[in-house]
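Hello,

Here is the structure I said I would pass on. My notes follow below it.

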Amino acid sequence: MCFSAIARDHPEVWVGSLDTLRALVQSNDENKRLMASIPAVVDASNRPKSALISAVDAFCSAASSAVRAAAYQLVLEVILSEGSIPSAGFLKALCSQTAPHSTTTGSTSSATSMGEAFQGLADLIKVKLVGWPDVSDGAAVFYCSSLISTVLLERDNARSELTRSSSKSDSLLSKVVRALSRAQREGGPAEVRIGLLKLLCIWMYGSTEAIAALLSSAMHLPLIVELIVHESTRRGDSAEVHVKGLAVLLLAICLESEEDNGAIPKNTLIDIIRNRIGIAVFTAKLDELRATDAFGAALLDNVQNETSPAILLEHEMGLDHNRSRRALSSSRGDLGHDRWYDKTFTSLFNDIYGKVYRHVVELVSLPSNKESSSHEFRPR
């Protein structure tokens with residue numbers, strides 16, 4: 001019923017079915033295995049797709065933002081174990097390198113193990129994450145980045161493990177940066193640019209190994225600086241304040257690493273901030289992001305209430321006309337809302353924000369080396 005034609009034609013039925021399925025798999029490993037093994041639909045090539053892969057398809061492509069939100073919550077529930085901690089098996093799958101063909105359907109054998117199911121899920125998530133605009137829209141990228149971010153935030157050593165698995169020339173990290181660059185260059189949806197930048201911030205946070213990998217490419221640091229200093233020519237670009245603020249946050253995380261990352265010395269980063277960006281601009285972009293409604297809602301921990309499938313469904317069906325729905329009134333895009341942060345991310349942001357302001361005096365007082373702040377950055 002959950003993925004039937006009837007459900008697809010009636011968002012309220014689909015959301016209710018997805019919510020019921022999420023309740024059934026919660027803390028129930030056998031039902032999670034059934035999600036991965038039971039055929040739910042048949043694709044265009046007449047191959048069966050598991051319910052788990054069908055749920056990913058739903059949050060990546062459903063016409064209803066409420067259905068997308070419900071499908072995302074279902075997939076998130078499947079990867080959780082030990083209460084609210086993402087499964088170690090899913091992290092292992094994210095870090096594995098597998099053949100592209102596994103990203104399409106997912107096994108539907110009755111003997112499907114959760115390891116096999118997680119591998120198919122992880123492969124599909126990684127393709128969709130960097131697939132805008134060819135195979136993904138804004139919401140698909142945002143939800144895929146959120147799923148990976150949850151793993152990085154909650155699993156010990158996840159940042160290092162994912163970085164090591166991405167150490168090859170065509171790494172996931174490089175793909176994420178290239179996807180971000182394309183989205184910024186081509187005016188991609190806010191969800192794409194914000195989702196990918198958030199993922200990079202979370203990935204780098206507290207991980208010297210990840211920061212070294214990011215800055216080891218001569219292409220990455222110039223892109224981050226360009227995101228900060230470039231003024232958009234698109235009128236009404238609602239994402240700009242978030243893109244600039246998150247790019248500053250990403251650079252600040254690199255700066256706050258406890259040791260030189262081995263690619264670009266910390267003094268070089270300081271000179272870039274002073275001479276290419278400007279200290280006043282650098283700190284102002286953080287303040288501007290903190291002043292947004294999206295950040296404020298996350299700080300108050302109101303995001304879940306404002307963006308639940310039920311609330312999004314009410315808005316889609318025109319049942320919320322007597323209520324204030326500022327999160328739903330503008331800049332909705334494919335996601336259906338503009339609440340891009342949560343309480344956990346605001347804690348990360350404020351930790352770096354406090355450290356940056358403590359170091360403003362240091363940024364001002366250190367002698368400048370203007371040669372290191374030139375447009376061309378040369379990693380060691």
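This is a predicted model. I start with helix α7, which covers residues 114-129. At 1.5 Å a residue, its 16 residues should span 22 Å, and the C-alpha atoms at its ends are 22 Å apart, so the expected and computed spans agree.

Helix α7 is also largely enclosed by the rest of the structure, because 12 of its 16 residues are buried. The buried residues in α7 include A117, F118, G120, L121, A122, L124, I125 and L129. Q119, D123, K126 and K128 in this helix are buried as well.

Next, the cavities. The structure holds two of 30 Å³ or more.

The largest cavity has about 50 Å³ of space. Its lining is made up of Q184, R193, L227, H230, S232, R234, D237, E240, V243 and K244. By residue class, that lining divides into five charged, three polar and two nonpolar residues. Helix α14, residues 240-255, gives the most to the lining of this cavity, with three residues.

The second largest cavity has about 40 Å³ of space. It is lined by V177, L180, L200, L214, H220, L223, I224 and L250. Two elements, α10 (172-185) and α13 (220-229), give two or more residues to this lining. The largest share comes from α13, with three residues. Here the lining divides into seven nonpolar residues and one polar residue, with no charged residue. For the largest cavity, by contrast, five of the lining residues are charged.

Last, the cysteines. How many disulfides does a search of the whole structure find? It finds zero. C60 is in no disulfide, and the nearest cysteine sulfur to it, that of C144, is 4.3 Å away. A pair of cysteine sulfur atoms has to lie within 2.5 Å to count as a disulfide, so a separation of 4.3 Å does not qualify.

Two of the cysteines can also be placed by accessibility. C60 counts as buried because its relative accessibility is 7%, and the cut-off for buried is under 20%. C95 has a relative accessible area of 17%, so it is buried too.

Regards

How values were computed: Residues are numbered from 1 along each chain as its sequence is written. This is a predicted model: local features need pLDDT of at least 70, side-chain atom pairs count only at pLDDT 80 or more; totals for chains, interfaces and linings use all residues. Side-chain values use heavy atoms; hydrogens and water are left out. Buried means under 20% relative accessible area, exposed over 50%, partly exposed in between (1.4 Å probe, protein chains only). On a 1 Å grid over the protein atoms alone, a cavity is a set of points where a 1.4 Å probe fits but cannot get out, and a pocket is an open set with protein on both sides within 12 Å along at least five of seven lines; lining residues have an atom within 4 Å of a point. Grid points are joined across faces, edges and corners, and a volume is the space filled by probe spheres set on the points. Helices (H or I, at least four residues) and strands (E, at least two) are DSSP runs, numbered from the N terminus. Ala, Val, Leu, Ile, Met, Phe, Trp, Tyr, Cys and Pro count as nonpolar, Asp, Glu, Lys and Arg as charged, and the others, Gly among them, as polar. The expected span of a helix is 1.5 Å times one less than its number of residues.
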